[in-house]
Amino acid sequence: MATTLAIDGLADRLRERLGERVSTSPVVREGHGRDESHHRPFPPDIVVFPESVDEVVAVVGLCREHETPMIPFGVGTSLEGHVAALQGGVSIDMSRMNRVIEVNAADLDVRVEPGVTRKQLNAHLRDTGLFFPIDPGADATIGGMAATRASGTNAVRYGTMRDNVLGLTVVLADGRTIRTGTRARKSSAGYDLTRLFVGSEGTLGVIVEVTLRLSGIPEAVSSAVCAFPGVDDAVETCIAIIQSGVPVARIELADEVQIAAINRWSKTDLPERPVLFFEFHGSESSVAEQAETAESIAADNGGTGFEWSARQEDRNALWQARHDAHYANMALRPGCRAWPTDVCVPISRLAECIAETRRDIAATDLLAPIVGHVGDGNFHIDFVLDPDDEAELAAATGVNERLIARALAMGGTCTGEHGVGYGKKKYLAAEHGEGVSVMRAIKQALDPANLMNPGKIVDPPG
């Protein structure tokens, strides 16, 4: 931890380069040390707002010279303590680097600065007939989404950030600026550095530019909801739809507790039973065919009230209600905080994993709705906890640890899309074994002084 005198000296040096875009205000610092998670916040000592790659290089150089940690910051919507300044240091807020640099409509790709948000990007693309499909719910920045390997509701059809980032420009801890990848759709030239940095959570460098794959806006889009007697029936429907090859764009599960919260928060009138949300993309005829197939499979599993609509207003309202689930849950217990956690398992084990998890929750007094992008085997628990109740926190911790152990035993992962941060770092050894030592070696090679977002993913050797 740097001394106050050293921090003041660094702040003065940074102001020489960035002027008023350097802040040591307690309010600004507090806002950059927390995310949307329940994890304890840790404010940085300084917050900077660069506007160019050269300014990022200058910030990195000064931090390296002063041996001060650096934490890249998007908009703070992460869920495992990714932006917490565990050792103090400088938060590098990328929000002012928010230009869409180049749209290549013919090649279905775009170059953006890291502070561009997904909604901003899609608004910019609206007249091109293209869109960026990765939708984590929050209006996150593209740089943050790349750094955390985000995904979301569309992942079952369009993949995750891993599949949609073609290349990056990254400022390394030693001040070098490197480009990874090209605009080509495939390459066998050397190590895949792009995928190394996608998901690195700011621990290997600062992402300053992203080249993305785009998709064509579908001719027709239709959304649907269907209620089921139980969660098992809904999950079995999801599995059957995926295994039948129906190219569903989104398929989301919400249990009856989650639906009750959504109805109360979003003023919807969904049946307060386990529900699947669907969305279908394609031509008019293919969308109709997909919906009919999904409805038939749902009926075989007891699904009722299958309602679908092609009206954009209805679709927007439906998906906004789904995206607001986290806030709906917190409203169930005013004054409490929510702890969202996630796992992902092979889809053939999904029903079993959710059933065992629900039994585990039922054995406690916890309020813990379940929701998930079940089309790719990913689901979430959103514990709603009294922050002053140690017994509740201990119970939730136990359920979470058993959930992760269960997912790993089924061939899954401790996090499908939330990332590691410092909240899930301790589970990596169980998932990756000796692979963690390789991650540590990469970290050591690229950031030997451990200045890039220290305390996240892996610790340095020794």
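A salt bridge here pairs a side-chain nitrogen of Lys or Arg with a carboxyl oxygen of Asp or Glu within 4 Å. The model shown is predicted.

**View 1. Arg322 and Glu252 meet in a salt bridge.** The N to O distance is 2.8 Å. The two residues come from distant parts of the chain, 70 residues apart. Arg322 belongs to helix H12 (residues 312-323). Glu252 belongs to strand S13 (residues 250-254). Both Arg322 and Glu252 are buried. Across the whole structure, a search finds 31 salt bridges.

**View 2. A salt bridge joins Asp342 to Lys424.** Their closest N and O atoms lie 3.5 Å apart. This pair also links distant parts of the chain, with the two positions 82 residues apart. Asp342 sits in strand S16 (residues 337-344). Lys424 sits in the loop between helix H15 (390-409) and helix H16 (428-432). Asp342 has a relative accessible area of 0%. Lys424 has 1%. Buried means under 20%, so Asp342 counts as buried, and so does Lys424.

**View 3. Lys443 and Asp447 form a salt bridge.** The closest N and O atoms are 2.7 Å apart. Lys443 and Asp447 are both buried.

**View 4. Four charged residues share a network of salt bridges.** The members are Arg21, Glu51, Glu55 and Arg96.

**View 5. Phe277 and Trp319 form a tilted aromatic pair.** A search of the whole structure finds six aromatic pairs. In the pair of Phe277 and Trp319, the ring centres are 6.1 Å apart, with 45° between the planes. Phe277 lies in strand S14 (residues 275-282) and Trp319 in helix H12, so the pair ties together parts 42 residues apart in sequence. Phe277 is buried, at 0% relative accessibility. Trp319 is buried too, at 4%. Trp319 has a charged partner as well: the charged end of Arg250 sits over its ring, 4.3 Å from the ring centre.

**View 6. Phe278 and Phe306 pair at a tilt.** The ring centres are 5.6 Å apart and the planes meet at 40°. Stacked pairs need planes under 30 degrees apart and edge-to-face pairs over 60, so this pair is classed as tilted. Phe278 is in strand S14, and Phe306 is in strand S15 (residues 304-309). The two are 28 residues apart, so the pair links distant parts of the chain. Phe278 and Phe306 are both buried. With Phe280, they make up one aromatic cluster.

**View 7. Thr237 is a buried residue of helix H9.** The helix covers residues 231-243. Thr237 has 0% relative accessibility. Its side chain reaches the backbone oxygen of Asp233 at 2.9 Å. Neighbours within four places in sequence are left aside for the contact list. Beyond them, Thr237 is in contact with Phe228, Leu276, Ile297, Ala298 and Asn301.

Key. Residues numbered from 1 in each chain as written. Predicted model: local features only at pLDDT ≥ 70, side-chain atom pairs only at ≥ 80, totals over all residues. Heavy atoms only, no water. Helix = DSSP H or I, 4+ residues; strand = E, 2+ residues; numbered from the N terminus. Buried < 20%, exposed > 50% of the residue type's maximum accessible area, 1.4 Å probe, protein only. Phe/Tyr/Trp six-rings, centres within 6.5 Å; stacked < 30°, edge-to-face > 60°. Lys NZ or Arg CZ within 6 Å of the ring centre and 35° of its normal. Polar contact = N/O pair within 3.5 Å; in protein donor to acceptor, adjacent residues only side chain to side chain. Contact = heavy atoms within 4.5 Å.
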